[in-house]
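User: I'd like a close look at one part of this protein, the charged pairs, and then a sense of what else is going on in the chain. Please walk me through it in plain language.

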Amino acid sequence: MKRAVAIILGCCLIIPAGAQTYTVSVAEQQKCTVVVSPQKDNYSADEVVTVTIYPALGAIFNSFHVYYQCSESEWWAAQSSRTILRTRATGFSYRLDIWNIDGHENDPVEVTEGINYTFTMPARNVEIEALYLSGSAQYDITRASAENGTVSTDKNRAMAGETVTVTASPSAGYMIDGVKVYERVDGLYDTETEFIRTSATSFTFTMPADPVNIQITYKMEPVILDLSESTGVTPYSVYDIQGKEVRFTRSFTGGKASTICLPFPMTSIPGGKVYEFRDISKEGNVWVATMIDATPSAGNMLTATEAGKPYLYVPNATGTVEFGGTVPNDLTVDAGLSESDVTGGTWAFHGTYERLTYGTAPLTGRVFGFAASGGTATDGVTAVTAGQFVKAGTGAYMPPFRAYLTYSGDGSAYRAPSRDDSEEIPDRILVRLLAWDGTVTGVGTLDMKTGEVYVERWFDLTGRPLEECPTEPGIYINGNGKKVVIR
């Protein structure tokens, strides 16, 4: 039998004389390069053909089809069996898919650059169509209308991963009440997208691979804003109170020391006194925390407390106390601290505007705290009893607008000498309250293991504890902080 030899693109292919061959053509290509392998003018039926697509820089996939030419009757038969959608193309009166990948602008299909797509050549002419789009997919950004204010964005469409800035503009006398950024999933705007508040009226979010709708509501701005003890001040709400007049209300037990840290200065302290942390030292076998009167008064020569500074508050009686003041314009969520360096480490008195859970930063390590209230939280986590000053452990938490002590350094440096070396908390810590002139005005002994406050002991004017009730003439301080004169 005679044979014919065809040489194509440097390749030698032996084809039986008279055998039918077919063509492979690229009908249309946009923003990409299509390479067919092997590259030749004619192909035999059942031959394996590989197609490789190289997208242009920044282009995204739209569709890729491999069609074969068919007759009108074959096309209508395929239509009636609903195996394929109606398809027409230049140069092909009728065509059917061998296989295809479809995508569209707002829901691009991942097609890896350089990947190979392989098909078996039918006994028909074949056409390849590859379409890419310029740039990356963009998604719509819409804004719901709002009463008492407007909403704007820095763009109306954005690519997935792009940062979008939202600006809220409340009407005079109104403030932002809520912000929601909804992503459209399965045709519904019901999936919330996280955002970051960057100022009083500005927000940013990362565009998802779906359209979004922004909804901002406004409410009337009160004359005085109330700080919530349950929510505190968060990165979201800090902008709402900057430069505003606020108030904070809390219940106290008479004579029970409690920490307080407020985001505003006060020119006077209602219903009690505040003491600022001066230092902690070890006097013999006793750890002593010294607090000095910082209540604004003529005698103290202080005109106001400091915003964000932690204090120890001693109420005059049991009841509710309302604190008030104006928040600084540059307030952040980070409260301040006071430190005291001692041999072997550092004690620090920290304030917080947010609820903290022990074991989660920054409430980690060796933490000690006063508690203002007792009971069990709604989440089942038990707080320490009112007036306690204890080492925090698993399950402890610190409510907003409080303060706590931490110790960093060598554990052996602050162990109680009477305890086993494995015990890393002192049995007792003495809290000495000083007047502005340095005289002792109150002393309490706090059991660091049980949290109980011992007030039955007596002390001299330096705050040194006495072994028994004094009998010698002089001035002494009882456990309730009262001066007693013995003649």
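Analyst: Let's start with D140, which is partly exposed at 37% relative accessibility. That label fits because the value falls between the 20% limit for buried and the 50% limit for exposed. Keep in mind that this is a predicted model. The partner of D140 is R157: the two form a salt bridge, with their closest N and O atoms 2.8 Å apart. This pair ties together distant parts of the chain, since D140 sits in strand β10 (residues 138-143) and R157 in strand β12 (residues 157-159), 17 residues apart. R157 is also partly exposed, with a relative accessible area of 30%.

Now for a pair in another setting. K40 and E47 make a salt bridge whose closest N and O atoms are 2.4 Å apart. Here K40 has 14% relative accessibility, so it counts as buried. E47 comes out at 16%, and therefore it is buried too. The cut-off behind those two calls is a relative accessible area under 20%.

A third pair mixes the two situations. E162 bridges to K155, with 3.7 Å between the closest N and O atoms. E162 is partly exposed at 24% relative accessibility, whereas K155 is buried at 17%. This pair doesn't stand by itself, either: D154, K155 and E162 are linked in a network of salt bridges. To put these pairs in context, a search of the whole structure turns up 15 salt bridges.

So much for the charges; what about the nonpolar side? The largest nonpolar core has 25 residues, and I241, L262, F264, Y313 and F323 are the ones with the most contacts inside it. Helix α2 (238-241) and strands β20 (245-252), β24 (311-315) and β25 (319-326) each put in at least two residues. The largest share, three residues, comes from β20. A second core, separate from that one, holds 20 residues, among them C32, V126, I128 and A130.

I241 is worth a second look. Besides its place among the best-connected residues of the largest core, I241 turns up at the second largest pocket, where it is one of the residues nearest the centre, along with K219, D226, S237 and D240. That pocket holds about 340 Å³ of space and is lined by 18 residues. Helix α2 supplies at least two of the lining residues, as do β14 (174-185), β18 (212-220) and β19 (225-226). The top contributor to the lining is β14, with three residues. So α2 has a hand in the pocket lining as well as in the largest core.

Finally, step back to the whole chain. Its secondary structure comes to two helices and 37 strands. Of its 487 residues, 43% are buried. Among contacts with a separation of 6 or more, 63% join residues 24 or more positions apart. The accessible surface adds up to about 24900 Å², and carbon and sulfur atoms account for 49% of it.

Conventions. Residues are numbered from 1 along each chain as its sequence is written. This is a predicted model: local features need pLDDT of at least 70, side-chain atom pairs count only at pLDDT 80 or more; totals for chains, interfaces and linings use all residues. Side-chain values use heavy atoms; hydrogens and water are left out. A nonpolar core is a set of buried Ala, Val, Leu, Ile, Met, Phe, Trp, Tyr and Cys residues joined through side-chain atoms within 4.5 Å. Buried means under 20% relative accessible area, exposed over 50%, partly exposed in between (1.4 Å probe, protein chains only). Helices (H or I, at least four residues) and strands (E, at least two) are DSSP runs, numbered from the N terminus. Contact means heavy atoms within 4.5 Å. Accessible areas come from the Shrake-Rupley method with a 1.4 Å probe; for residues, only the protein chains shown count as cover. A salt bridge is a side-chain nitrogen of Lys or Arg within 4 Å of a carboxyl oxygen of Asp or Glu. On a 1 Å grid over the protein atoms alone, a cavity is a set of points where a 1.4 Å probe fits but cannot get out, and a pocket is an open set with protein on both sides within 12 Å along at least five of seven lines; lining residues have an atom within 4 Å of a point. Grid points are joined across faces, edges and corners, and a volume is the space filled by probe spheres set on the points.
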